[in-house]
Amino acid sequence: MGFNMRARLRAAGIDVTGYDRNPDVTDVPNLAELVKAVPSPRLIWVMVPSGEITNSVITELSVLLEPGDLLVDGGNSRFTEDQKHGEMLAAKNIGFMDVGVSGGVWGLENGYGLMAGGAKEDVDRALPVLDALRPEGDRADSFVHVGGVGAGHYAKMVHNGIEYGLMQAYAEGYELLAKKEIIEDLPGTFRAWQKGTVVRSWLLDLMVKALDEDPGLESIDDYVEDSGEGRWTVEEAIANAVPAPAITAALFARFSSREDNSPAMKMVSALRHQFGGHATKPAGS
Ligand SMILES: NC(=O)c1ccc[n+]([C@@H]2O[C@H](COP(=O)([O-])OP(=O)(O)OC[C@H]3O[C@@H](n4cnc5c(N)ncnc54)[C@H](O)[C@@H]3O)[C@@H](O)[C@H]2O)c1
Ligand SMILES: O=C(O)[C@H](O)[C@@H](O)[C@H](O)[C@H](O)COP(=O)(O)O
């Protein structure tokens with residue numbers, strides 16, 4: 001993401017120096033050299049894996065940066081991390097913004113959807129960078145200043161929760177079509193939903209693309225990872241008593257995808273046998 005964002009910013013005429021621990025893609029050998037290479041007041045955009053890595057990069061930068069600099073966390077950090085980072089930097093008169101970024105590998109060409117949290121003066125200062133990253137057109141169609149520190153990542157978390165639910169619904173529709181003999185043209189069905197239907201969307205377009213590339217999805221295992229946003233969305237749903245059955249089911253479906261031999265389902269089968277004498281399927285058959 002950071003690599004592509006650097007390219008998009010440079011294409012817009014913005015001077016960017018990038019640091020990555022991977023020597024093949026970095027402009028400078030370490031964070032100290034990055035800070036030396038950028039004239040103050042600096043805008044530093046952090047785009048690394050969330051959690052411990054983001055935390056250690058921001059902590060190291062808090063020592064290296066100077067008063068008047070501005071740090072943006074554009075990764076998928078949990079919103080609860082932002083307050084801590086904002087306060088640590090504010091103690092040194094360094095500004096902090098959290099910006100949820102959406103668009104994946106397509107953002108380089110298409111631009112990124114952006115949702116910012118932080119003070120208005122910091123957002124105003126970052127606007128040239130935000131404008132270069134987002135798609136062309138009306139700012140309000142691809143950028144929002146959601147609120148104070150943490151609001152950008154909260155909005156991105158909910159965006160990703162929705163992403164889980166949408167993907168799961170499309171995927172279940174795919175299986176329903178794939179299992180039915182009367183459906184003679186499955187890819188054609190999705191293709192024909194791309195224009196005019198109620199369920200047309202970019203995710204649907206990507207589903208058509210995935211089936212073009214691999215009609216039976218033969219090359220892909222049925223194992224799905226998650227990197228936190230779905231879990232945090234469900235935790236927020238519980239904390240605020242918001243019913244979120246679709247997003248929760250989508251998250252749990254990913255957990256199920258990782259089990260070859262589910263202990264819970266073995267137990268359901270064992271209990272049916274215990275109380276009803278129902279047949280169980282022998283292991284390995
Ligand atoms: N991939 C996406 O579609 C997407 C979209 C929006 C947001 N995000 C978020 O953006 C962030 C980056 O995502 P990504 O997909 O580019 O991840 P990635 O793992 O592909 O790339 C992360 C980069 O950070 C570098 N890195 C790791 N530790 C480092 C350190 N300590 N110092 C310097 N560089 C370090 C790695 O070498 C790598 O080049 C994550 O927080 C992710 O959740 C990803
Ligand atoms: O809006 C986006 O561009 C995506 O949501 C992006 O942020 C990324 O692909 C997710 O981090 C995947 O999240 P999971 O690993 O939880 O599916």
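## Two backbone oddities

P41 sits in the loop that runs between α2 (31-37) and β1 (43-46). Its bond to S40 is a cis peptide, with omega at about -5°. Helices and strands here are DSSP runs numbered from the N terminus (H or I for helices, at least four residues; E for strands, at least two).

The other oddity is N93, in the loop between α4 (79-90) and β3 (95-102). N93 is not a glycine, yet its phi is positive, at about 60°.

## Ground rules

This is a predicted model, where local features need pLDDT of at least 70 and side-chain atom pairs count only at pLDDT 80 or more, while totals for chains, interfaces and linings use all residues; side-chain values use heavy atoms, with hydrogens and water left out. Residues are numbered from 1 along each chain as its sequence is written, and chains are lettered from A and ligands numbered from 1 in the order in which they are written.

## Two domains

The domain assignment splits the protein chain into domain 1 (2-148) and domain 2 (157-276); such bounds come from an automatic or database assignment. Where they meet, domain 1 puts in 8 residues and domain 2 puts in 10, with contact meaning heavy atoms within 4.5 Å. Taken over C-alpha atoms, the domain centres are 32 Å apart.

UniProt, in an unreviewed entry, lists "domain: 6-phosphogluconate dehydrogenase C-terminal" at residues 152-280. Its positions follow the numbering used here, feature names are shortened, and annotations may be inferred rather than shown by experiment. That span is 65% helix and 0% strand, and its end C-alpha atoms lie 50 Å apart.

## Ligand 1

Ligand 1 has 14 residues around it, the closest being M1, D20, V48, N76 and V101; a residue makes the list if one of its heavy atoms lies within 4 Å. By class that shell is 8 nonpolar, 4 polar and 2 charged. Ala, Val, Leu, Ile, Met, Phe, Trp, Tyr, Cys and Pro count as nonpolar, Asp, Glu, Lys and Arg as charged, and the others, Gly among them, as polar.

Now for the polar contacts (pairs of N or O atoms within 3.5 Å). The D20 side chain has an N or O atom 2.5 Å from a ligand 1 oxygen. The backbone joins in too: a polar backbone atom of V48 is 2.8 Å from an oxygen of ligand 1, and a backbone N or O atom of R21 is 3.3 Å from one of its nitrogens. On its own, ligand 1 has 820 Å² of accessible area, and the protein covers 68% of that (Shrake-Rupley method, 1.4 Å probe).

## Ligand 2

Ligand 2 lies between the two domains, because domain 1 (2-148) and domain 2 (157-276) both give residues to its shell. Among those residues are N76, S102, H159, N160 and D226. Helix α7 (residues 151-178) gives the most, with 5 residues. The class split is 1 nonpolar, 7 polar and 4 charged.

Three side chains reach its oxygen atoms. S227 has a polar side-chain atom 2.5 Å from one, K156 brings a side-chain N or O to 2.6 Å, and R254 does so at 2.7 Å. The protein covers 74% of the 420 Å² of accessible area that ligand 2 has on its own.

Definitions and conventions: A polar contact is a pair of N or O atoms within 3.5 Å; within protein, one must be able to donate a hydrogen and the other to accept it, and residues adjacent in sequence count only if both atoms are side-chain atoms.
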